[in-house]
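Subject: Structure handover and notes

Dear colleague,

Here is the structure I promised to pass on, with the sequence alongside. Please look through both before reading my notes, which follow below.

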Amino acid sequence: ESGRHVPFDIRRIFTVSAMAGDIRGNHAHRQCSQLLVCTTGEIRVVCDDGFELTQHLLDGADCGLLIPPGIWAREDYLTDGAVLMVLCDRIYEEGDYIRDYDEFKTVAGS
């Protein structure tokens, strides 16, 4: 529920499924916040704020990882058929994505 379990009003929900060894994400957002929940399997999320890398293991639907704007995120799928549910506070906006890592580093000030 928005406000109770999700810290924003949900404007978009989508899922991504992949096989072990697949990598997804590899981008940042200018304004969009996302809550990542692994509903099936195991996914490692690597977050980069331009200065420090952190890793998070998502392996159950009982918890999620909040990715605020300005964080470069990569999802490493560790098991076949892993499914990631993504809840967003904004609708899809192509211009919100930063897909070039060098541009991200400039925006992040690193």
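When the whole structure is searched for aromatic pairs, four of them turn up. Please keep in mind throughout that this is a predicted model, and that what follows was computed from it. In one of these pairs, the ring centres of Trp72 and Tyr101 are 5.1 Å apart and the planes meet at 85°, which is over the 60 degrees required, so the pair counts as edge-to-face. Because Trp72 belongs to strand β7 (residues 72-77) and Tyr101 to helix α1 (residues 101-108), this pair ties together parts that are 29 residues apart in sequence. Trp72 is buried, with a relative accessibility of 8%, whereas Tyr101 is partly exposed, at 31%. Another pair is made by Tyr92 and Tyr97, whose rings are tilted, with 5.6 Å from centre to centre and 50° between the planes. Here Tyr92 is partly exposed, with a relative accessible area of 43%, while Tyr97 is buried, at 12%.

Two further points belong with the aromatic residues. Trp72 and Tyr101 are joined by Phe104 in one aromatic cluster. Arg99, for its part, lies over the face of Tyr97, at 4.1 Å from the centre of that ring.

Turning to the strands, where does β7 sit in its sheet? The sheet is an open one of five strands in the order β5-β4-β7-β2-β9, with antiparallel pairing, which places β7 between β4 and β2. At the edges are β5 (53-58) and β9 (97-98), each of which pairs on one side only. On one side of β7, strand β4 (residues 43-48) runs antiparallel to it and is joined to it by six bridges; Asp48 has Trp72 as its bridge partner in β7, and Arg44 stands opposite Asp76. Strand β2 (residues 23-29) is also antiparallel to β7, and four bridges join the two. Asp76 appears again in this arrangement, since Ile23 stands opposite it. As for accessibility, β7 is mostly covered, with five of its six residues buried.

Helix α1, which contributes Tyr101 to the pair with Trp72, has a feature to look at around each end. At its start, a side-chain oxygen of Asp100 comes within 3.2 Å of the backbone nitrogen of Asp102. Just after the helix, Gly109 adopts a positive phi of about 80°.

Finally, as a bench biochemist you may well ask about the cysteines: how many disulfides does a search of the whole structure find? The number is zero, and two of the cysteines show why, given that a disulfide needs two sulfur atoms within 2.5 Å. For Cys63, the closest cysteine sulfur is that of Cys38, and at 8.9 Å it is too far for a bond. For Cys88, the closest cysteine sulfur is in Cys32, at 4.2 Å, which is again too far for a bond. These two residues also have their accessibility on record in my notes: Cys63 is partly exposed, at 37% relative accessibility, whereas Cys88 is buried, with a relative accessible area of 1%.

With best wishes

Technical notes
Residues numbered from 1 in each chain as written. Predicted model: local features only at pLDDT ≥ 70, side-chain atom pairs only at ≥ 80, totals over all residues. Heavy atoms only, no water. Phe/Tyr/Trp six-rings, centres within 6.5 Å; stacked < 30°, edge-to-face > 60°. Buried < 20%, exposed > 50% of the residue type's maximum accessible area, 1.4 Å probe, protein only. Lys NZ or Arg CZ within 6 Å of the ring centre and 35° of its normal. Pairing = 2+ DSSP bridges. Polar contact = N/O pair within 3.5 Å; in protein donor to acceptor, adjacent residues only side chain to side chain.
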